[in-house]
Amino acid sequence: MQEVKYNYQNISILFDTDTFTVVNKNLFINTDQYACVSILQKDGVVIEEKESDIGVAPLSQASFALPFEIPKDGEYAVTISFRLKEDTCWAKAGHEIAFGQKVYKKPFVWNKSEKLLRVIHGKLNLGVKGDGFDVLFSMLHGGLVSYRYAGKEMIEKIPMPNFWRAPVDNDLGSLATARYAQWKIASMYISHKSIDAQKDDAYHTAFADNPVKITEEDNTVTVTFLYHMPTTPHSTCEVSYTVYADGAVRTKLTYDPVKELGDMPEFGMLFTLNADYDHVKWYGLGPAETYADRKEGAKLGIYENKVTDNLAKYLVPQECGNKMGVRYASVTDAKGRGMLFAGDEINFSALPYTPHEMEHALHAYELANVHHTIVRVALAQMGVAGDDSWRARVHPEYRIDVSKTLEFQFVFKGI
């Protein structure tokens, strides 16, 4: 409904560098019948608000100077909102009729800490200790097996690459599940071990470990794992973790596309946290869920809810709760402790279930009791389509581009 309302609004606001244009598509109503509220936000926080009357005749347009000067010391967003001046029989005064928003983006930067790290090399493990945190990588199990912050373990499983989402009704109608089936298998059975398909003896067909790359620099250590995916043809991806001395871990997922496999439903990482981390706060698009082809009606801002609030009440459980354009998001417990995820306009969701758990339930009551909070951090997820529900595919511009190497970086840190 957030998207429908935006696309049906009869007033459009178009932005230029220091002006905005109001396009009045109403047949009879002048825009001065509504209050025009201009809002200036810095890093998601409202710092200034102005109200004015802007009159644009029906079926015409006019341009106006931006009501604010935009500083250079942060990320700013200007929102122009037309609202009811008085109560009506269908909405109260202040109800928003139409809006437009312009974002003056600030690049994502995570400043490197100058504190010292201690690196412990073991036969099967690599430990990294800093002020108030420690990280453990396992060569045997192939990944990040422990991240403790302020003495508390933050992850329940090894974070792993994820390429799948629970199918939406439109995916089923267009047979997307069949086209993308290999990516579900790849997500479920990805491994740091590989089979040498060129050998047929028992030794070589047994799973063999892959070497782990370790790079130590001033105040950082980077550990890189190579993962094999059981696709046809064979495919691989790399996950590297760079640990900083303040407890932040920069994560990079890299995949060289295999032409025969095509695009995937999602490209990101999946984290399993304890269910106690049930409060979500994010700086990104909202307040409702957003997808590549369902985001125009959202506004950049700071929002918060509970993990269970992101589980849409669809008759059949399916993909839901994604948030686009996220600069940072936190998942915390009742005491405010938890994990912070940050990046450059990442896709983010926090739900009580994995995509596979949601997919296997035909009704909400068939979902298991909540045991975890599942965090998915992604470069992109394909759109949800909807031209019709029986054949139409996601438009090409809303699919993940696999014409070149995919690389996704983000940072996570305990709080």
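In the predicted model, the largest cavity has a volume of about 60 Å³. The whole structure contains 3 cavities of 30 Å³ or more. The lining of the largest cavity is formed by Asp 171, Ser 174, Ala 176, Arg 179, Tyr 180, Met 382, Ala 385, Ala 392, Arg 393, Val 394 and Arg 399. Divided by class, this lining comprises 6 nonpolar, 1 polar and 4 charged residues.

For the second largest cavity, the computed volume is about 40 Å³. Trp 164, Arg 165, Pro 167, Asp 171, Ala 176, Thr 177, Tyr 180, Pro 265 and Met 382 make up the lining of this second cavity. Its residues fall into 6 nonpolar, 1 polar and 2 charged. Asp 171, Ala 176, Tyr 180 and Met 382 appear in the linings of both the largest and the second largest cavity.

Open pockets were also examined. The largest pocket encloses about 540 Å³ of space. It is lined by 27 residues, among which Leu 285, Lys 295, Glu 296, Ala 298 and Glu 345 are the closest to the pocket centre. At least two lining residues each are supplied by strand S1 (11–15), S7, strand S23 (323–332), strand S24 (338–351) and strand S25 (372–381). Strand S7 provides the largest share of this lining, with 5 residues. By class, the lining of the largest pocket contains 15 nonpolar, 5 polar and 7 charged residues.

The second largest pocket has a volume of about 460 Å³. Of its 20 lining residues, Lys 157, Leu 270, Thr 272, Thr 354 and His 356 lie nearest the centre. Two or more residues of this lining come from each of strand S13 (160–162), helix H4 (181–189), strand S20 (266–274), helix H6 (355–359) and S25. The largest share, 3 residues, is contributed by S13. The class composition of the second largest pocket is 10 nonpolar, 8 polar and 2 charged residues. Strand S25 thus contributes to the linings of both the largest and the second largest pocket.

Strand S7, a contributor to the largest pocket, also belongs to an open sheet of 4 strands with the order S4-S3-S6-S7 and antiparallel pairing. Strand S4 (45–52) and strand S7 (96–104) occupy the edges of this sheet, each with a single partner strand, so one side of each is left without a neighbour in the sheet. Direction ignored, neighbouring strands are turned by 15° against each other on average. Within the sheet, strand S3 (residues 34–42) pairs with strand S6 (residues 76–84) in the antiparallel sense over 9 bridges. Leu 40 stands opposite Val 78 in S6.

Notes
Residues numbered from 1 in each chain as written. Predicted model: local features only at pLDDT ≥ 70, side-chain atom pairs only at ≥ 80, totals over all residues. Heavy atoms only, no water. Pairing = 2+ DSSP bridges. Axes fitted to C-alpha atoms, helices over the stretch in contact; angles between N-to-C directions. 1 Å grid on protein atoms, 1.4 Å probe; cavity = no way out; pocket = protein on both sides within 12 Å on 5 of 7 lines; lining within 4 Å. Points joined across faces, edges and corners; volume = space filled by probe spheres on them. Nonpolar A, V, L, I, M, F, W, Y, C, P; charged D, E, K, R; others polar.
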